[in-house]
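The following report is meant to be read beside the sequence and the model. It begins with one residue and its contacts, and then turns to the core, the strands and the confidence of the prediction.

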Amino acid sequence: MEKVDFGWFDVDNDDRQKIEEGIWVPCRLCQKAFRRVRLTLRYCAECKTAFCEGEHGSFAQKRGVCVQCGPKAATK
Ligand SMILES: [Zn+2]
Ligand SMILES: [Zn+2]
């Protein structure tokens with residue numbers, strides 16, 4: 001049985017914490033921009049928010065980066 005949290009981003013229990021517990025959360029960029037729920041187990045190492053892989057972020061060297069943090073993080 002998969003655990004899913006359809007709530008909004010919570011600063012006291014961010015997506016990194018949820019995902020590391022194995023809880024699926026919605027991509028925050030899809031949620032914010034399109035009011036769309038696309039569940040993911042990926043989170044951004046920079047801002048700790050969930051992102052869907054492909055459209056809103058990617059993994060580089062096993063480190064997730066969302067499109068909002070991507071260009072900065074990629075140069076590091
Ligand atoms: Zn997305
Ligand atoms: Zn980010």
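Leaving aside its neighbours within four places in sequence, leucine 29 is in contact (C-beta atoms, placed from the backbone, within 7 Å) with Phe51, His56, Cys66 and Val67. The model is predicted, so that local features need pLDDT of at least 70 and side-chain atom pairs count only at pLDDT 80 or more, while totals for chains, interfaces and linings use all residues. Residues are numbered from 1 along each chain as its sequence is written, and chains are lettered from A and ligands numbered from 1 in the order in which they are written.

Leu29 also belongs to the largest nonpolar core, whose nine residues are Val25, Cys27, Leu29, Tyr43, Cys44, Ala50, Phe51, Val65 and Cys66. Such a core is a set of buried Ala, Val, Leu, Ile, Met, Phe, Trp, Tyr and Cys residues joined through C-beta atoms within 7 Å, where buried means that 20 or more other C-beta atoms lie within 10 Å of the residue's own.

Helices (H or I, at least four residues) and strands (E, at least two) are DSSP runs numbered from the N terminus, and two strands pair if DSSP finds at least two bridges between them. An open sheet of three strands follows the order S1-S2-S3 with mixed pairing. Strands S1 (3-4) and S3 (39-40) stand at its edges, each with a single partner strand, so one side of each is left without a neighbour in the sheet. The pairings are listed below.

| Strands | Sense | Bridges | Residues paired |
|---|---|---|---|
| S1 and S2 | parallel | two | Lysine 3 and isoleucine 23 |
| S2 and S3 | antiparallel | two | Proline 26 and leucine 39 |
| S4 and S5 | antiparallel | four | Serine 58 and valine 65 |

From S1 the chain passes through helix H1 (residues 15-20) to S2, in a β-α-β crossover that is right-handed, that is, clockwise from the first strand over the helix to the second with the strands pointing away from the viewer. S4 and S5 form a hairpin with two residues between them, and glutamine 61 in the turn has a positive phi of about 50°.

Mean pLDDT (the predictor's confidence in each residue, from 0 to 100) is 90 for the protein, with 92% of residues reaching 70 or more. Among the elements, S2 has the highest mean, 97, and helix H3 (residues 70-74) the lowest, 58.

Conventions
Buried ≥ 20, exposed ≤ 12 C-beta atoms within 10 Å, placed from the backbone. Contact = placed C-beta atoms within 7 Å.
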